[in-house]
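I opened a new notebook page for this one. These are my entries, kept in the order in which I looked things up.

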Amino acid sequence: MNNNTEPAGEAYKALHFIEEIIEKDLAEGKNQSRVHTRFPPEPNGYLHIGHAKSICLNFGLAERYNGLCNLRFDDTNPEKEEQEYVDSIMEDVSWLGFRWEGEPRYASDYFDQLYAWSEMLILRGKAYVDDQSQEVISEQRGTPTRPGTESPFRSRSVEENLDLFRRMRAGEFPNGARVLRAKVDMASPNMHMRDPILYRILHSEHHRTGDKWCIYPMYDWAHGQSDYLEGITHSICTLEFEIHRPLYDWFLDQIVEPGAYRPRQIEFARLNVSYTVMSKRKLLQLVQEGIVNGWDDPRMPTISGLRRRGYTPESLRRFADLVGVAKRDNVIEVDLLEYAIREDLNKRATRVMAVLDPLKVVITNYPEDRTEEMETVNNPEDEAAGQRLIPFSREIWIEREDFMEEPPSKFFRLAPGREVRLKSAYIIRCDEVVKDGQGHITELRCSYDPDTRSGSGTDRKVKGTIHWVSASHAIDAEVRIYDRLFMDADPDGHKDKEFKDFLNPESLRVIPHAKLEPGLSLVNHGERYQFIRLGYFCADKDSTPGKPVFNRTVTLKETWKKA
RNA sequence: UGUCCGAUAGUGUAAUUGGCAACACGUCUGAUUUUGGUUCAGAAGACUCUAGGUUCGAGCCCUAGUCGGACAACCA
């Protein structure tokens, strides 16, 4: 069975290695030719763009092969996990546009079954209780190049192991007093096979099971078994778990009948993005040390941060598609992320006029009491978006950087004696530059050509077109100009420096009084616009009626270089 | 001195399974443009990690090596 046939007209897209594995399994009728994946985050932090790749992969595969995808919280460590994270994860996955099969699952749903299987292992002589301290166990484990040594408790009787394990569960021992270990192979070249720990004692409240348990299963013991219980066929994870796969399989061997259904672990290379950090630990550090304003700070590579920044779910899914799936370590250039959001917003964002650094222009030959409503197109890429009217009058704001007193030859904007077109309005010429006592430019006095009204059919051309906003009609807005958080392409790739040494001091610049066209006074947070010639901006949740707050998502592509 | 994994333009991913190394981002030209955006046309950029081998033919198969990554939490 080959599901690879694409609809006619669509470009052939090569299968990545996981799709190849799946198609082979499907063809062989493995696991009744089902495809069932899962996204298994630990609720100990917010999801980031790397998780988005994994989400798109797992849910995308299920979609492509008419399968299912579960959302499962890997909540086996009550000391780090919180409900807040569970909630944020569900919100992020849904926002990305995916629907998990049934209710969210939790590894903690399977604690009873895991416990029962553990007793089974003990009964079969495949697990034992070890009384040694963490330090001693760690010492005995050896090193990657030196085999471990067996614990003196390894040969305890089944009865004693069972009794001790039950008493561990009953809460008779303090944290760290004993652990349950699988009896595998202390001489294995794979460290994970050297009698891995199944259960540790943790007298702490679990966010879902409360105080029902004081022993908690380790990741390796919980994960594959959870996959099995959920009927997962393809358990996709990142490369660092590759070395765990023999253990994943060993555990499954203990509970799965040969030839029957069985999940398979497949590893792919995690996403890295230049100029950012991706570890939850470091992101948590940025939040806790107040370097950013929370997990959803628009500078964070978290899904909630990108959402607040103005990224669309479509752009993130497109990005996940563009980065591909393979097994080699990779660093994706941020440019690709920015390409993805520009591509999307170019098609859908309404163009509006906004002046961030206002310079007053007085049009001396324009009547003082006059206001014209100029028609302007909402989106040149989307005719259906229609037109709207914007007010024009004698005094306007233009961008300060759109004027130069002594312009280089390639400068197409306003300068003394030069002309520019005001977008959707008239061509003006700069006649006079007004300065204050310090030589600071305070105002430009210009004259307009009445025959050049936009849409009047005039054919007079000028080199440049600039944006503007009528001074008497403009509203004030706060605009937050975000730039990359780190100045180095690989912030944690330096031996003698810490990632925080590369923080960009100008990652956030707040413009308290930007001038916007009046139609923008009432915006709903999350609305996205293109500020003409400046970039894409998204209304922040801090907006209030009459005083919007905008976040800059990304600039427009800048191909112009100074001479 | 171990085990596992990986290596193709600057970046990422392909190469229909052994047949002229392609696509995307990025870079550079030019055209169009009432956004220096978009769009369009084009260009540069690769000893496919190295050395052997198999073959009429190797990015792909084999051998050896080099380089990079992962593994020594009672984290996931």
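**Salt bridges, whole structure**

I started with a search of the whole structure, and it turned up 53 salt bridges. I kept in mind that this is a predicted model.

I picked out one pair to look at, Glu-19 and Arg-64, which form a salt bridge with their closest N and O atoms 3.0 Å apart. What does this pair tie together? I found Glu-19 in helix H1 and Arg-64 in helix H2, so the salt bridge links parts that lie 45 residues apart in sequence.

**Domains**

Next I looked up how chain A is divided. I noted domain 1 at 17–268, domain 2 at 280–348 + 477–554, and domain 3 at 358–473. Domain 2 is thus written as two stretches, 280–348 and 477–554.

**Where domain 1 meets domain 2**

I took the centres over C-alpha atoms, and those of domain 1 and domain 2 are 34 Å apart. To the contact, domain 1 brings 26 residues and domain 2 brings 26 residues.

How much area is buried between domain 1 and domain 2? I get about 2200 Å², with carbon and sulfur atoms giving 69% of it. On the domain 1 side, I wrote down Tyr-46, Ile-49 and Trp-95 as the residues that lose the most area to domain 2; together they make up 33% of what that side buries.

Then I checked for charged pairs, and the rule finds 4 salt bridges across the interface of domain 1 and domain 2. For polar contacts between domain 1 and domain 2, I count 7 residue pairs, both partners at pLDDT 80 or more.

Which elements give two or more residues to the side of domain 1 that touches domain 2? My list reads helix H1 (17–28), H2, H3 and strand S9 (264–268). H2 gives the most to that side, with 7 residues.

I also noted a salt bridge between the side chains of Lys-327 and Glu-242, at 2.6 Å from N to O.

**The sheet of 3 strands**

I moved on to an open sheet of 3 strands, ordered S1-S2-S3, and its pairing is parallel. Why do S1 and S3 each have one side without a neighbour in the sheet? Strand S1 (36–39) and strand S3 (105–106) stand at the edges with a single partner strand each, so one side of each is left free of a sheet neighbour.

Strand S2 (residues 68–73) runs parallel to S3, and I see 2 bridges joining them. Following Arg-72 across, I land on Arg-105, its bridge partner in S3.

Helix H3 (residues 83–95) packs on this sheet, where it touches S1, S2 and S3, and its direction makes about 160 degrees with that of S2. Helix H2 (residues 49–64) lies across S1 and S2 and runs at about 160 degrees to S1.

**The sheet of 7 strands**

I then traced an open sheet of 7 strands, in the order S19-S16-S17-S18-S12-S15-S20, with mixed pairing. Which strands are at its edges? I noted strand S19 (465–466) and strand S20 (468–470), each of which pairs on one side only.

Strand S16 (residues 419–422) is joined to S19 by 2 bridges, and these two strands run parallel. Arg-421 has Thr-465 in S19 as its bridge partner.

**Strands that pair with S22**

My last entry is on strand S22 (residues 508–516), which pairs with strand S11 (residues 354–355) in the antiparallel sense over 2 bridges. From Ala-354, I followed the bridge to Leu-516 in S22.

Strand S21 (residues 475–482) also pairs with S22 in the antiparallel sense, over 7 bridges. For Ile-481, the bridge partner I found in S22 is Arg-509.

Technical notes
Residues are numbered from 1 along each chain as its sequence is written. Chains are lettered from A and ligands numbered from 1 in the order in which they are written. This is a predicted model: local features need pLDDT of at least 70, side-chain atom pairs count only at pLDDT 80 or more; totals for chains, interfaces and linings use all residues. Side-chain values use heavy atoms; hydrogens and water are left out. Two strands pair if DSSP finds at least two bridges between them. Helices (H or I, at least four residues) and strands (E, at least two) are DSSP runs, numbered from the N terminus. Contact means heavy atoms within 4.5 Å. Axes are lines fitted to C-alpha atoms, for helices over the stretch in contact, and angles run from 0 to 180 degrees between N-to-C directions. Domain bounds come from an automatic or database domain assignment. Buried area is the accessible area (1.4 Å probe) that two parts lose on being put together, summed over both. A polar contact is a pair of N or O atoms within 3.5 Å; within protein, one must be able to donate a hydrogen and the other to accept it, and residues adjacent in sequence count only if both atoms are side-chain atoms.
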